[in-house]
Amino acid sequence: MWLRVSCDLVFDIEISTPFILMLRPRSGAQQWVERDEFKISPNLQVIECTDGYGNLCQRLVAPPGNFSIYTAADVKTSEFLDVDFGAPFIEIQNLPNDVLCYLLPSRYCESDRFNDLAMSIAGNQLPGFNQVAAIENWLRNTISFIPGSSDIPISAIEVNQKQSGVCRDLAHLGIALCRSLSIPARMVVGYLYQLYPMDMHAWFEAYIGGRWYTFDATQIGPKGGYVAVGYGLDAADVAVFNQFGPAVYPIQQIIKVEQIENRV
């Protein structure tokens, strides 16, 4: 399917404020970006760079006053998520070098604390895809997904204690459970078609059978329509904007995901 995704942010800046943005999706194995646009007002110098995870980032310094950012992209993505029960666990010594970092505990995914829980959920499953599917199903049935219930990231331990959270929180717990079974897992942030309420979305991917597969415990069944913008160890790596200095928050945020009709 072809999707047009857009993000419209407006800030009221009191003092000159450095920003690092992560708002441009890139083409990859599961999506193709045909066209994108990036507009800021007032017109400023923007330096684009690539972070350690391959994400496209933009650096700028916003002046005092109203500061707006608008990004949009036309992206071809799948209508259905790939499902491959039986896809095997990859032994550590056979993993690609760039995947190894996704085995380790991180700020919000304390995977070294979840071995017992992970084994109770997925220990009797075939190692690999079946184990991650069992973790996803456990999250869906155990952790309450409550959109808008939290505006700051919390760790996997806190999510398990609360037994509820936003999409980002369920992803953190899923990642920690996967890594505790020596399955590489990473956080993804981006857009999801027909998400309600519409907002930026977070999910996780696990490396199984020689490739990454998408898992999202906030949705019922393996629906498609995902557009990834950023990848990382956890939420600390995939914020769509980071600003430095006194805290600023958008006074306007409009996220849209629309299907483009009559496209092949």
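Helices (H or I, at least four residues) and strands (E, at least two) are DSSP runs, numbered from the N terminus. The structure described here is a predicted model, in which local features need pLDDT of at least 70 and side-chain atom pairs count only at pLDDT 80 or more, while totals for chains, interfaces and linings use all residues. Residues are numbered from 1 along each chain as its sequence is written, and side-chain values use heavy atoms, with hydrogens and water left out.

A good place to start is helix α4, which runs over residues 167–180 and has 14 residues. From its first C-alpha to its last, α4 reaches 20 Å, close to the 20 Å expected at 1.5 Å a residue; the expected span is 1.5 Å times one less than the number of residues. For the surroundings of this helix, a residue is called buried under 20% relative accessible area, exposed over 50% and partly exposed in between (1.4 Å probe, protein chains only). In α4, 14 of the 14 residues are buried, so the helix is largely enclosed by the rest of the structure. Just after α4 comes Ser-182, with a positive phi of about 65 degrees.

Helix α4 also takes part in a nonpolar core, a set of buried Ala, Val, Leu, Ile, Met, Phe, Trp, Tyr and Cys residues joined through side-chain atoms within 4.5 Å. The largest such core has 40 residues, and Leu-173 and Ile-208 have the most contacts inside it. Two or more residues each are given to this core by α1 (115–122), α2 (129–142), α3 (156–162), α4, β9 (185–192), β10 (201–208) and β11 (211–215). The largest share, 8 residues, comes from α4. Which residues does Leu-173 touch, not counting those up to four places away in sequence? They are Phe-114, Trp-138, Leu-139, Ile-143, Ala-156, Val-159 and Asn-160, where contact means heavy atoms within 4.5 Å. Apart from this core lies another, of 30 residues, including Leu-3, Leu-9, Ala-62 and Val-257. In soluble globular proteins, nonpolar side chains tend to be buried together.

Two of the helices that contribute to the 40-residue core, α1 and α2, also pack at an angle of about 100 degrees, with their axes 9 Å apart. Here axes are lines fitted to C-alpha atoms, for helices over the stretch in contact, and angles run from 0 to 180 degrees between N-to-C directions. Angles under 35 degrees count as roughly parallel, over 145 as roughly antiparallel, 65 to 115 as roughly perpendicular and the rest as oblique. The pair α1 and α2 is therefore roughly perpendicular. On the α1 side, Leu-117, Ile-121 and Ala-122 meet Gln-131, Ala-134, Ile-135 and Trp-138 of α2. These contact residues divide into 6 nonpolar, 1 polar and no charged (Ala, Val, Leu, Ile, Met, Phe, Trp, Tyr, Cys and Pro count as nonpolar, Asp, Glu, Lys and Arg as charged, and the others, Gly among them, as polar).

The loops offer some contrasts in accessibility. Ser-111, in the loop between β6 (65–77) and α1, is buried, with a relative accessible area of 5%. Leaving aside neighbours within four places in sequence, Ser-111 is in contact with Leu-103, Leu-104, Pro-105, Ala-176, Arg-179 and Ser-180. Ile-152, in the loop between β7 (144–145) and α3, is exposed at 53%. The C-alpha atoms of Ile-152 and Val-166, 14 residues apart along the chain, are separated by 9.9 Å. Asp-199 belongs to the loop between β9 and β10 and is partly exposed, at 34%. Not counting residues up to four places away in sequence, Asp-199 touches Gln-253 and Ile-255. Between Asp-199 and Ile-121 there are 30 Å in space, C-alpha to C-alpha, and the two are 78 residues apart in sequence.

Some backbone details complete the picture. Most residues other than glycine have a negative phi, and most peptide bonds are trans. The bond from Ser-41 to Pro-42 is cis, with omega near 5 degrees, and Pro-42 lies in the loop between β3 (31–41) and β4 (47–50). Another cis peptide bond joins Tyr-196 and Pro-197, with omega about -5 degrees; Pro-197 is found in the loop between β9 and β10. Gln-163, in the loop between α3 and β8 (164–165), has a positive phi near 60 degrees and is partly exposed, with a relative accessible area of 31%. Ser-182 has a positive phi although it is not a glycine; Ser-182 sits in the loop between α4 and β9 and counts as partly exposed at 29% relative accessibility.
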